[in-house]
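Got your viewer open and your mouse ready? Let's take a walk through this model, one selection at a time.

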Amino acid sequence: MDRFRDDEQRREINKAKQSVLNRSMTVHNAANPIEFPEKPVYFYPSPPSIERNGSVKKLHTSSLGNSFKGTVKKLCSLFESRSKPSNLQPHSPTKPTKSFNSENSRVSSFSELGIKFPGTEDCVVIYFTSLRGIRRTFEDCYTARMILKSFRVKIDERDISMDSAYKKELQNVLGEKNVTLPQVFIKGKYIGGAEVIKQLNEVGELAKLLRGLPLRPLGYTCEGCGDMRFLPCSNCDGSKKYFDEDEGQLRRCPECNENGLVRCPLCCS
């Protein structure tokens, strides 16, 4: 009986396996394919329903496209005409420039000016400003001072921002009201501004003009003012006023300038 039952179970298992195998064969059999709804597949170029090339072509072929092309050509021609230098240039009157080609022309260019500063034959005098209000003027003054100091000669520095009397003095010497800074005098003769000093230094003529002047010791600094050229007035202590005991009232100090300063007696004597 047990054997009979086992045989029946085996037969049922085999039937189940065969039914499953038959089902899988029917699914993958080419004779009975599974039908799925087909979806449209679009490839490049796109179908006519969503094609946009026609609108772009219409833009280029339309009057709007032609006007756009004309505008671009006009802009290109405008920039090309600006970049090319024009052959016709207006002739502007040129100012006579000082010649630095030969030694005779260099010396004569300064002697022809005929401006002399008596009492300064043994030093260099430079009028400048230490204020930074105008950047170009300050840079020119600084450059001229550094070039002259590199030769270690005796320099009388006159800062018009520290004493307005220097400005009036320079105007009287040059005979002009509107003067530019810096202005340099060498051995009592007028030389010029920063551009002249730079050009003379580049061609080697500045050293010849400074030859014979007394030299300062290397690393020398004035012990009185620290090379500032000015000191507070000892009469009024820089207040610009003093008390007159005879009249019993305050008076303007006659020894200092408008800033309450006096020239250093050690380096500016």
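Start by selecting R152, which sits in the loop between helix 5 (135-149) and strand 2 (155-159). Helices here are DSSP runs of H or I with at least four residues, strands are runs of E with at least two, and both are numbered from the N terminus. R152 has a positive phi of about 60° although it is not a glycine. Most residues other than glycine have a negative phi. At 37% relative accessibility, R152 counts as partly exposed; buried means under 20% relative accessible area, exposed means over 50%, and partly exposed is in between (1.4 Å probe, protein chains only).

A word on what you're looking at: this is a predicted model, where local features need pLDDT of at least 70 and side-chain atom pairs count only at pLDDT 80 or more, while totals for chains, interfaces and linings use all residues. Residues are numbered from 1 along each chain as its sequence is written, and side-chain values use heavy atoms, with hydrogens and water left out.

**Zoom out for a moment**

Show the whole protein chain as a cartoon and you'll find eight helices and eight strands. The chain has 269 residues, and 25% of them count as buried.

**Into the sheet**

Now step from R152 along the chain into strand 2. Is strand 2 enclosed or open to the outside? Five of its five residues are buried, so strand 2 is largely enclosed by the rest of the structure. Turn on the side chains: I155, E157 and D159 point one way, D156 and R158 point the other way, and all are buried.

Next, add strand 1 (residues 124-128), which runs parallel to strand 2 and is joined to it by five bridges. Try picking out two pairs: V125 has D156 as its bridge partner, and I126 stands opposite E157.

Widen the selection to the full sheet. It is an open one, with four strands in the order 2-1-3-4 and mixed pairing; two strands pair if DSSP finds at least two bridges between them. Strand 2 and strand 4 (189-192) stand at the edges with a single partner strand each, so one side of each has no neighbour in the sheet. On average, neighbouring strands of this sheet are turned by 20° against each other, direction ignored.

Then bring in helix 6 (165-174). Helix 6 lies across strand 1, strand 2, strand 3 (183-186) and strand 4, and runs at about 65° to strand 3. That angle is taken between N-to-C directions, from 0 to 180 degrees, using lines fitted to C-alpha atoms, for helices over the stretch in contact.

**A bond to look for**

Follow the chain from helix 6 toward strand 3 and stop at P182, in the loop between them. What kind of peptide bond joins L181 and P182? It is a cis bond, with omega about 0°. Most peptide bonds are trans.

**A pocket**

Keep L181 selected and add T129, I134, T137 and I160: these five lie nearest the centre of the second largest pocket, which is lined by 15 residues. Helix 5 and helix 6 are the elements that give two or more residues to this lining, and helix 5 has the largest share, with three. Colour the lining by type and you get seven nonpolar, six polar and two charged residues. The pocket holds about 270 Å³ of space.

(A pocket is an open set of points on a 1 Å grid over the protein atoms alone, where a 1.4 Å probe fits and protein lies on both sides within 12 Å along at least five of seven lines; lining residues have an atom within 4 Å of a point.)

**Last stops**

Jump to R229, in the loop between helix 8 (205-209) and strand 5. R229 is another non-glycine residue with a positive phi, about 70°, but R229 is buried, with a relative accessible area of 6%.

In that loop between helix 8 and strand 5, also select G224. G224 touches L231, C264 and L266, not counting residues up to four places away in sequence; touching, or contact, means heavy atoms within 4.5 Å. G224 and L266 are 42 residues apart in sequence and 6.5 Å apart in space, C-alpha to C-alpha.

Finish on C233, in the loop between strand 5 (230-232) and strand 6 (241-244). C233 is buried, at 1% relative accessible area. Its contacts beyond four places in sequence include C253, C256 and L261. The C-alpha atoms of C233 and C256 are separated by 5.9 Å.

Definitions and conventions: Grid points are joined across faces, edges and corners, and a volume is the space filled by probe spheres set on the points. Ala, Val, Leu, Ile, Met, Phe, Trp, Tyr, Cys and Pro count as nonpolar, Asp, Glu, Lys and Arg as charged, and the others, Gly among them, as polar.
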